[in-house]
Each structure stands twice: as structure tokens, then as C-alpha cells.
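Me: Could you take a close look at one part of this model for me, the surroundings of the second ligand? Once that is clear, tell me how the other ligand's site and the sheet look beside it.

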Amino acid sequence: MSLSAAKVERLPLAPLTTLGVGGEAELWLIEDVRQLPEATQEAYKVLGAGSNLLIGDDGLEERVIKLGCSFNSLAEVDGRLEFWLGAATPLPGLVRRAAELGLSGLEGLLGIPAVLGGAIAMNAGTRFGEIADTLVEVEMFVGGGLERLNAHTLNLSYRHSSLPKGAIITKAKLALSASSPEKVKTLMDKVDTARKGQPKIKSAGCAFKNPLGDSAGRLIDQAGLKGLRVGQAMVSFEHANFIVNLGGAKAADIVKLLALIQEKVSPPLEIEWERWGFKLPLEQSELYDMVDGE
Ligand code: FAD
Ligand code: EPU
């Protein structure tokens, strides 16, 4: 079969993220693993569903690699307990499909708007379960070729994996257990109830990781910061660990808001989002200094 070239375009990244901010980059849309050697010739980032990202207003110098529809294998989920899935398979559809088939293991991931690759990279989850619970093996493009790694080598823990630097997950093997649609639904209803208080408008989920034994949302709320606003970025009234984009927020607004929150809350909160297109770590950026001057 002949290999067609990857689609390459310079595009604004904001529409490719759930937060809806971020400038331009060169986007490489990949439909075949054989396009990856060329795509990875220069510095790059790998984009999933863009649901845990804060991208700078000036965009990225690196190219952005995104796996396209041919890495979505949702249609192949047919009731087997163990299966390989492409890394661009959307989690919401996968959770729903497993529930219909009475397969258990993914219920805790209900409501997470990731694709499989991004969910593995961040070990997405809730207190009801995380992707690590079902992950058996991962195939990734790394060092110029494909490699398969057992899931335990990725050291998946709370919102963390130790993927090799530059690795692009292409597919993953999951193992689910046989249950019934009714039992799966009962657990999913609990997860749904736990998420009821989360905002439905543009965000990137929780901005900060929970400190051990506490909730960042509770701490930010207790500090009286709900409704705190910089430009069009605001601490959600519904859940204080969500920063929402009211429409047209700039990354610069959000950076300032993050700093204001960190200044006013103790213990110190660690940012959960990955940040792209910032020259310095946010904590050392000029925008953070500006907060002191106000
Ligand atoms: P992206 O945000 O696009 O990228 C995140 C990281 O994954 C980046 O480092 C990226 O390079 C890497 N990545 C993506 N694809 C690949 C790949 N193929 N190979 C290698 N690396 C890759 N998270 C939770 O854990 N629990 C929640 O309950 C939760 N709720 C949320 C609710 C809302 C409304 C939103 C907007 C977000 C929520 N999140 C939650 C955050 C987010 O969905 C997760 O962190 C998710 O894992 C990010 O996946 P993504 O596909 O969007 O990845
Ligand atoms: N709380 C407040 N005020 C708020 C928010 C929360 O007082 O504004 C209190 C709640 O009343 C509750 C406690 O804080 O007593 C915990 O709140 P919640 O159940 O909402 O859980 P969370 O710790 O804030 C975590 C994850 C979410 C995940 C939910 C559901 C983190 C940082 N957050 O939130 O994950 O969806 O549990 O399991 O781990 C994400 O990571 O992006 C994310 C959304």
C-alpha cells in the first residue's frame, strides 16, 4: 500500500482544546504510523483531545502531532474482554460502549473528555477508578520506531505516567471484566452524581492537583475565591478548582488567575494542567511578577 503524506497546516490551537485558548502551531495530522518518522524530524508536542492543556497566546515553536481518525478503533469494541485500541479512541464513547456490552473497568472514567493516548499519559481517573486499572500494554513510537511496553513500566500514579520522553502512544491493550449492563450502570450513576457539581462550559478540568488528603477545590472555595476573574477567565462558582473561559479568555488572563489563587491558598497547590508555549515555567514568568505589583 502506498503511503500518503501527513496533512500539515498552520492552525490556531485554541479550537483543538477544551479550554479554548492558545495561539498557532504547525499541526501534523497523522493517519498512518509510517508518517511518524518524518513528523518527528523536528521538535514536537503530541496533542490528544486537548482537555488538560493551557497553551500560550503566542502559540508554539514546536510542531504539534495529532493522531487522526484511523487511530480511533471504537467500532471494534465487540464484547471481548481484552482488546487493542487506537490511541485516538475517545474515552466518552469507549466508556459508553463498554457499559452497553456489560464490560466493567472503565466506569470511573465517565465524564473525562480525553482520547485514550492522553488518558494514559496523564493516568486520567477519578476516585472511582483510573485508566491504570485496565491498562495491560502500550504500543508507542519512540526513538524512531515502534515499541511495546508492559503497563507497569509506565509507573502510572495520580495524574502521572513516566512515558519515555517524546513517546507517541499509537495503541493500547485494555483488559475489562465481564459484568452486566445494569451493574455497570449502577457504578456509573455514582460517578455521574460525583461530577454533578462540575461546570459544563469551557475549561480544562481541575486546574490544580489535590494535595495529599485534601481537595484543591475545597481549599480554593474556603479562601473565598469563587467568581474571582481576570478578563474572561474565572474561578467557577460551581467548582472552585475549575477555571472557566467565559468567552475569548487569553492564556495571559489564566496565568494571572492561577498565580492569584496560588498566592492566596495554602498549602501550596501544584498545577495539574500541562502548559505549552511558555518560555519559562509559569512560576518564573513576568505575568506572575505582575500579580505582586497589584
Ligand atoms: P491532552 O490534554 O491533549 O494532552 C495531555 C498530555 O497527554 C500531553 O502531555 C500530551 O502530549 C499527552 N498525550 C496525548 N496523546 C498522546 C499520545 N498519543 N501519546 C503520548 N502522549 C500523548 N482528568 C482526570 O484525570 N479526571 C477527571 O475527572 C477529569 N475531568 C475533566 C473534566 C473536564 C470537563 C475536562 C475539560 C477535563 C477533565 N480532566 C480530567 C482532564 C483531562 O481530561 C485528562 O487529563 C486527560 O487525560 C487529558 O487527555 P487528552 O486526550 O485531552 O490529552
Ligand atoms: N468542594 C468544595 N468546594 C468546591 C469544590 C469542592 O467545598 O468548590 C469540596 C466538596 O464538597 C467535597 C470535596 O471538596 O467535599 C471534594 O470535591 P469533589 O468531590 O468535587 O472532588 P475533587 O477532589 O474536587 C476530584 C478530581 C476530579 C474528579 C473528581 C470526581 C482532582 C484534582 N480532581 O475532584 O478530576 O472529576 O474528583 O472524582 O483530582 C481533573 O483532574 O481534572 C478532575 C476534574
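Reply: Sure, ligand 2 goes first. Its shell holds 20 residues, and the closest are Tyr158, Cys206, Asn210, Asp221 and Glu272; a residue is in if one of its heavy atoms lies within 4 Å. Bear in mind that this is a predicted model, where local features need pLDDT of at least 70 and side-chain atom pairs count only at pLDDT 80 or more, while totals for chains, interfaces and linings use all residues. As for bookkeeping, residues are numbered from 1 along each chain as its sequence is written, chains are lettered from A and ligands numbered from 1 in the order in which they are written, and side-chain values use heavy atoms, with hydrogens and water left out.

Now the polar contacts, meaning pairs of N or O atoms within 3.5 Å. Cys206 has a backbone N or O atom 2.7 Å from an oxygen atom of ligand 2. Arg159 brings a polar side-chain atom to 2.9 Å from a ligand 2 oxygen, and for Ser215 the side-chain distance to an oxygen atom of ligand 2 is 3.3 Å. On its own, ligand 2 has 820 Å² of accessible area, and the protein covers 75% of that (Shrake-Rupley, 1.4 Å probe).

By class, the ligand 2 shell has five nonpolar, eight polar and seven charged residues. Here Ala, Val, Leu, Ile, Met, Phe, Trp, Tyr, Cys and Pro count as nonpolar, Asp, Glu, Lys and Arg as charged, and the others, Gly among them, as polar. Helix H5 (residues 216-222) supplies the largest share of this shell, three residues; helices are DSSP runs of H or I with at least four residues, and strands are E runs of at least two.

On to ligand 1. It is surrounded by 34 residues, Val46, Ser51, Gly125, Arg195 and Glu274 being the closest. Its oxygen atoms meet the side chain of Ser51 at 2.6 Å, the backbone of Gly50 at 2.8 Å and the backbone of Ala49 at 2.9 Å. The protein covers 92% of its 980 Å². This shell divides into 20 nonpolar, eleven polar and three charged residues, and H3 gives the most, five residues.

Strand E12 (168-175) also supplies at least two residues to the ligand 1 shell. E12 sits in an open antiparallel sheet ordered E6-E12-E10-E11, where pairing takes at least two DSSP bridges. E6 (82-86) and E11 (145-150) each have a single partner strand, so one side of each is left without a neighbour in the sheet. Six bridges join E12 to E10 (residues 135-142), and Met140 stands opposite Ile169 in E12.

Key. A polar contact is a pair of N or O atoms within 3.5 Å; within protein, one must be able to donate a hydrogen and the other to accept it, and residues adjacent in sequence count only if both atoms are side-chain atoms.
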